[in-house]
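Let's take a walk through a protein model together. Keep the picture open as you read, and look for each piece when its name comes up.

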Amino acid sequence: MSTPITNASRDLDAAFHEAYRRPSDGIWHAPGRVNLIGEHTDYNDGLVLPFALAQGVSVAAAARDDDVLELRSLQAADEAASVRLDDLAPGATEGWAGYAAGVAWALREAGHRPRGASLLIDSDLPQGAGLSSSAALECAVALALCELSGAEVPRPELARLAQRAENDFVGMPCGIMDQSAALLCTAGHALLLDCRSELSAQVPLDLGGLTLLVVDTRAAHELVDGEYASRRAECEAAAGALGVPALRDVTDLTAALDALDDPVQRRRVRHVVTENHRVEATVGLLRAGAVTEVGAMLTAAHLSLRDQFEVSWPEADVAVETAVRAGARGGRMVGGGFGGSVIALVPSGLVGRVCDAVLTAYEARGWRAPAFLTAVPSAGARRLT
Ligand code: ADP
Ligand code: MG
């Protein structure tokens, strides 16, 4: 997967020259991510276990002598933006450019002094597929702006600034996972992140003869934002009823379920509590070199997301069931739900068979064909040239 980056860098440099009639000062890259396990645990102060993909967002950038931020993306060719750093304000930059401008804004809010710059974005990551192209974009831009301005910001802090850009500038209430994964992951590892303390640890993710297959179900369903908000509210209400700061703090599941009257809250609590345990069990299995057994954790997580948290969608259920029947060790929906991707842990020799089986199952239902991508645990954000 490293060769395409070299070619892509050369292409991006040429495209930068064409767009701005000058050479770039460098190219920075931040990866997308897949969360191996730990879904809907982040806002319950719990645990997540993402790893970085080989795919991601690259940005070619050159410093300017004025205070203008010029923003272009090869994926949004007719939506170039230009904004003066002094004019940066939440809501003032529309569309995709808000993710990049928001980073400059967040840096300034934190007391840093980013310089004006011309930026050209390129990406080999599908957008809106739950692979976190938004955080990859923010973090690649953050690295570029910091380095061009000589600002040395520790990566955990940079992750918070990028999150702030998305929360307060773009207006998306995401947690800290995506930006932490983009900035802190290392090749061959997953990142165990405690969303309460924001402490993280590297966990070896040695796949041996297995492949982590991502199935982009290419399905998006209505009401996603409303469903997400209602799940958060249900979790908060349940924690309140149980007298704990967050569902992370539930230590006795049976007692907690007995104490709740609302069957919906009981299902939500069951998911969050067991999901945190599945993250810990998965970390234990990975540290013991028992990656095959992680498959069962993924499938258990999927069933819990489907039946207890009720955020799965038909295309995800069919992808998981079909993959497992075709030989996958396990699989689950990833992301908030109601659309996006599925991951499956597949013996490498069976990847073709699993893809064929999923394609056939979708075709039989008259669904749009899914897209496939191999998830290789890769390095976090870095300068490429
Ligand atoms: P995800 O992060 O799961 O891919 P989001 O909805 O959070 O989905 O972020 C997708 C948004 O990020 C896009 O709609 C676009 O505004 C922005 N984005 C991501 N990649 C690019 C890119 N290469 N060029 C321009 N905008 C991008
Ligand atoms: Mg995103």
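Start with helix H5, residues 177-184, which lies across strands E2, E7 and E8 and runs at about 140 degrees to E7. Another helix, H8 (residues 263-287), also lies across E2, E7 and E8, this time running at about 50 degrees to E8.

Before going further, keep in mind that this is a predicted model. The protein chain has an average pLDDT of 95, and 97% of the residues score at least 70. For the complex, the predictor gives an ipTM of 0.99 and a pTM of 0.94. One general tip: where pLDDT is low, the predicted coordinates should not be read in detail.

**The three-stranded sheet**

So what do H5 and H8 lie across? The strands E2, E7 and E8 make up an open sheet, in the order E2-E7-E8, with antiparallel pairing. Strand E2 (47-48) and strand E8 (200-204) are the edge strands; each has a single partner strand, so one side of each has no neighbour in the sheet. Zoom in on E2 and you'll find that two bridges pair it with strand E7 (residues 189-194) in the antiparallel sense. Leu 47, for instance, sits opposite Asp 194 in E7.

**The six-stranded sheet**

There is also an open sheet of six strands, and its order is E5-E4-E6-E3-E1-E13. Its pairing is mixed. Which strands stand at the edges here? They are strand E5 (81-84) and strand E13 (382-383), and because each has a single partner strand, one side of each is left without a neighbour in the sheet.

E5 runs antiparallel to strand E4 (residues 68-73), and four bridges join the two. If you want one pair to find on screen, try Leu 71, whose bridge partner in E5 is Ala 81.

This sheet has helices across it too. Helix H2 (residues 97-109) lies across E4, E5 and E6, at about 150 degrees to E4. Helix H3 lies across strand E1 (26-35), strand E3 (50-63), E6 and E13, and runs at about 45 degrees to E3.

**Around the ligand**

H3 comes up again when you look at ligand 1. How many residues surround this ligand? The count is 17, and the closest are Ser 73, Trp 96, Ser 123, Ser 133 and Ser 134. Strand E6 (117-123) and helix H3 (133-149) are the elements that give two or more residues to this shell. H3 gives the most, with three residues. As for character, the shell residues divide into eight nonpolar, nine polar and no charged.

**What the record adds**

UniProt, in an unreviewed entry, places the feature "binding site" at Ser 134 and Glu 166. These two span 33 residues in sequence, yet their C-alpha atoms are no more than 8.2 Å apart, so they gather at one spot. Ser 134 lies in helix H3, and Ser 134 is also one of the closest residues to ligand 1.

The unreviewed entry in UniProt has two domain annotations to look at as well. "Galactokinase N-terminal" covers residues 15-62, while "GHMP kinase N-terminal" is listed for residues 99-184. Here is what the chain looks like over each stretch:

| Stretch | Helix | Strand | Distance between end C-alpha atoms |
|---|---|---|---|
| Residues 15-62 | 12% | 52% | 13 Å |
| Residues 99-184 | 60% | 8% | 19 Å |

To link this back to the picture, find residues 15-62 with their 52% strand, then move on to residues 99-184 with their 60% helix.

Terms used. Residues are numbered from 1 along each chain as its sequence is written. Chains are lettered from A and ligands numbered from 1 in the order in which they are written. This is a predicted model: local features need pLDDT of at least 70, side-chain atom pairs count only at pLDDT 80 or more; totals for chains, interfaces and linings use all residues. A residue is near a molecule or strand if its C-beta atom, placed from the backbone, lies within 6 Å of it. Ala, Val, Leu, Ile, Met, Phe, Trp, Tyr, Cys and Pro count as nonpolar, Asp, Glu, Lys and Arg as charged, and the others, Gly among them, as polar. pLDDT is the predictor's confidence in each residue, from 0 to 100. Two strands pair if DSSP finds at least two bridges between them. Two residues are in contact if their C-beta atoms, placed from the backbone, lie within 7 Å. Axes are lines fitted to C-alpha atoms, for helices over the stretch in contact, and angles run from 0 to 180 degrees between N-to-C directions. UniProt positions are given in the numbering used here, feature names are shortened, and annotations may be inferred rather than shown by experiment.
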